[in-house]
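Thanks for coming, everyone. Please pull the structure up on your own screens. I'll go through it piece by piece.

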Amino acid sequence: MNERTFHVLEYDKIIGMLMEHTVSVPGREMAQSLVPYTDRDKIISALAETEEALKIMVKYGMSPLGEFPAIRMHLRRVEKKATLSPEELLDIGCVLRTCASLKDAFKSREGLNDSGLTIIPGLVYQLKPHSDLMGEIFRCIEPDGRIADNASPELHGIRRNIARCQEKIKELLNRYIQSPQYQRFLQEPIVTIRNGRYVIPVKQEYRSSLPGLVHDQSASGATLFIEPMPVVEANNRLKELMLEEKREIERILGRLTEEVWKVREDISTSFEILSKLDFIFAKGKLGYSMRGMVPKIVEDGKVKIVNGRHPLIPPHQVVPISLNLGYDFNTLVITGPNTGGKTVTLKTVGLFVLMAQAGLCLPADYGTEIGIFQKVFADIGDEQSIEQNLSTFSSHMVNIVYIVDKIDRNSLVLLDELGAGTDPTEGAALAMAILEFLHNSGAKTVATTHYSQLKVFAMMNQGMENASMEFDVETLSPTFRLLIGIPGKSNAFQISRRLGLKEQIIEKAREFLTQEDIRFEDLISDLEYNRIKAREEREKAKKYLKEAERARQELAERKSELESARQQILRKAREEARMILRQAKEEADQIIKELNKLSQMAAEKERNRAMEQYRMRLKQSLDRIENELAGETRQSHQYYEPVKEVRLGETVYISTLGQKGQVLTLPDDNGELMVQVGIMKVAVKLSDVRKVDEKNDAATAVISSKMPSPKLTAVSPQINIRGQTVDEALMNVDKYLDDAFLAGLKQVTIIHGKGTGTLREAVHQYLRNHPHVSSFRLGKYGEGESGVTIVQLK
């Protein structure tokens, strides 16, 4: 790696973005010094750190690490036994408090320690907050750096005496200020301080009228600041107390510094861990801000980019590119119009490699893979030099000479407008020779050009491939989409015609082209036409696939509703059977009780006759119940028998659903057919289809009418009202809540989306007065957050 490559690919701007996400000076220093690694283990380790930070950012939306000060210089002073200032001790206390809050965050936030994270929790575990020392520092020192009164009993007593002494001095001086005798001597009736002693301002001409010590005078000399003699003793006492206060503060600071010295190594280790965590979380925040992902590191020098977005282009302007290099080919030649995105593509490839090897996320989709390159070279942009008397061509050639001398098979080479700036024939020939040399050396190369000769050269050589930047001739503007496998067409004639150039001039220009040039341009035109048609067909196929998937989901939902309805019917039938059996048991118990009473009868013959009567009653009761249950079964199935074939439009009975329907399709190879059941189309197996006895159709209709409505027994637990007007949404919500309430649902979800919040507010206002609603709330993380409302039904 070299500084010129970093500059050309604007790697320094990525580092600047990374630094903006740090919260400390040492974290910023680590970000500033970050350069791509070339060791595979270091790259994988750096990406693993970034991936863990990104997972935390995705889950919680923020970093658990707050700002903290730099304390390396403070710890060096402690090592030399120097006493720390209050501000330095506060900085150390802040670092310890950051350690404590970070450890608490990992304890309180569920999932931080059990979601596959190992590196960051491992670092947090090593932090030692020393809570006792932290608490003592913040107890003794106020946030503004002042030593607190309760830092020690001695300091508290000294300051109390200082306050009393100051009051006494002010009281003495106030006598002078308020005395009519001395008021005419004073410049102003105030008490002030000079050289640490309380004084009053006296006019120069009355110096001899007020005995005392002169401590200062005004700039004009008209005012003298005099300490009256009666106040001198009190001021001396105040001075002594202040010296005692200073000594006590020094003793307190020395004691706290001594405590810091005892655990200086723990504090230093914790500080370095915090700095490392700040750097790691900065990488995660950068990836989160650019909607990035952690790429897969693969063997050899390979690049596979899936919908990569240049990180320095605003998200609403960038056009994603997909590109691969080092798999089927090692050299890629990109052609296309000016300002079509060729240079951006080059920079995206190079920048992605540098960022991945530096352990940073890439703004691309999953499936992106990056190999490890020991060297990355880039010759991009017009770098002509007046000072060195170099033209554009010469400047490019100086860079290419350097690249040719340094490359190996582990190099990535990016060349912009190869061979430009000189005679087109010679430039194209030179460009082909350079490409061949780079290709034979094993380096991975991406080059942009306008030369048609290079398009043919790439088509004719094994391991080389053409690509082009798409251009819309209709709008005369590039689309910035990269097309692999298709050489770019110049479009000069089409553009000129669209801009109004005379047709005869265009036709004359065609005559100057060689037959090979015309055939090649026609070939490109055919390729372009076929590509556009293929893309249209692909988009159409995607559309049909989405529609089919949507239909499949709707069918699955309807099938689920039918299954729910069937289960509800079975539950009801079982309940009725249990009720009948319960009645039978009660009758049997009653008969047994009467039989027990007969045991007390004297006549055995009479007893036997009565017992026989009760036995007959019990048998008749049980037979009646059995006949009722069997009768219902026969009534449900006597009209239906299995079928081996069906006709289109025929009415059949579906045994698994307990419903009738009309045949829509004949059975396929798997024995499945489509049947219209009510408003739903259902796929069923032929083995589940029964023939309907038309004579008993009326009886069947009676039975079916007794079944509960599937609409009431199979209501979806959620409703989606996104995109609806307020009136439509409230009408649908009202109907849905009635259905859900009748179906016995206790909790449902209303999906209204985030948007402007108008629809959400209207739904909430409506729910407050709905008779079926017990309570409601917005969704939590993982439920849809503010885009959904969770409703509890009564």
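When I say that two residues pack or are in contact, I mean heavy atoms within 4.5 Å. Keep that cut-off in mind for the helix packing. And one caution: this is a predicted model.

Let's take helix α2 first. It spans residues 11-20, and its buried residues are Tyr11, Ile14, Ile15 and Leu18. How do the buried residues sit when we look down the axis of α2? They fall within an arc of 100°, so they line one face of the helix. And what does that buried set pack against? Helix α1, at 3-8, and α3, at 25-32, are two of the partners. The others are α12, at 264-289, and α13, at 342-357. So two of the partners of α2, α12 and α13, carry residue numbers in the hundreds.

Now zoom out. The protein has 794 residues, and 41% of them count as buried. It has 24 helices and 24 strands. Look at the contacts between residues at least 6 apart in sequence: 66% of them join residues at least 24 apart. The accessible surface comes to about 43,500 Å². Carbon and sulfur atoms account for 52% of that surface.

Back to α12 for a moment. Glu272 lies in that helix. Is Glu272 buried or partly exposed? Glu272 has a relative accessible area of 33%, so it is partly exposed. Compare its position with Ile71. The two are 201 residues apart in sequence, but their C-alpha atoms are 10.0 Å apart in space.

Next, Gly93. Find it in helix α6, residues 86-108. Its relative accessibility is 0%, so Gly93 counts as buried. What does Gly93 touch, once we leave aside its neighbours within four places in sequence? Gly93 is in contact with Met134, Ile137 and Phe138. Take Met134: it is 41 residues from Gly93 along the chain, yet the C-alpha atoms are separated by 5.1 Å.

One more helix position. Ile506 is in α18, residues 503-512. Its relative accessible area is 1%, under the 20% cut-off, so Ile506 is buried. From Ile506 to Ser496 is 10 residues along the chain, and 7.8 Å between C-alpha atoms.

Now the backbone. Which residues other than glycine have a positive phi here? Arg291 is one of them, with phi at about 50°. Arg291 sits in the loop between α12 and β5, the strand at 296-297. Its relative accessibility is 55%, so Arg291 counts as exposed. Asp300 is another residue that is not a glycine, and its phi is positive too, near 60°. Asp300 is in the loop between β5 and β6, with β6 at 303-308.

Last topic: empty space inside. Rolling a probe the size of a water molecule over the atoms shows where empty space is left. How many cavities of 30 Å³ or more does the count give? It comes to 2. The largest cavity holds about 60 Å³ of space.

What lines that largest cavity? The lining includes Asp379, Phe393, His396, Met397 and Ile400. Also among the lining residues are Asp416, Glu417, Leu418, Gly419, Ala420 and Ile434. Helix α14, residues 392-406, gives the largest share, with 4 residues. By type, the lining of the largest cavity divides into 6 nonpolar, 2 polar and 3 charged residues.

To recap. The buried residues of α2 line one face. Gly93 in α6 is buried and in contact with Met134, Ile137 and Phe138. Arg291 has a positive phi and counts as exposed. The largest cavity takes the largest share of its lining from α14. That's my tour. Over to you.

Terms used: Residues are numbered from 1 along each chain as its sequence is written. This is a predicted model: local features need pLDDT of at least 70, side-chain atom pairs count only at pLDDT 80 or more; totals for chains, interfaces and linings use all residues. Side-chain values use heavy atoms; hydrogens and water are left out. Buried means under 20% relative accessible area, exposed over 50%, partly exposed in between (1.4 Å probe, protein chains only). The arc is that of the directions from the helix axis to the C-beta atoms. On a 1 Å grid over the protein atoms alone, a cavity is a set of points where a 1.4 Å probe fits but cannot get out, and a pocket is an open set with protein on both sides within 12 Å along at least five of seven lines; lining residues have an atom within 4 Å of a point. Grid points are joined across faces, edges and corners, and a volume is the space filled by probe spheres set on the points. Ala, Val, Leu, Ile, Met, Phe, Trp, Tyr, Cys and Pro count as nonpolar, Asp, Glu, Lys and Arg as charged, and the others, Gly among them, as polar. Accessible areas come from the Shrake-Rupley method with a 1.4 Å probe; for residues, only the protein chains shown count as cover.
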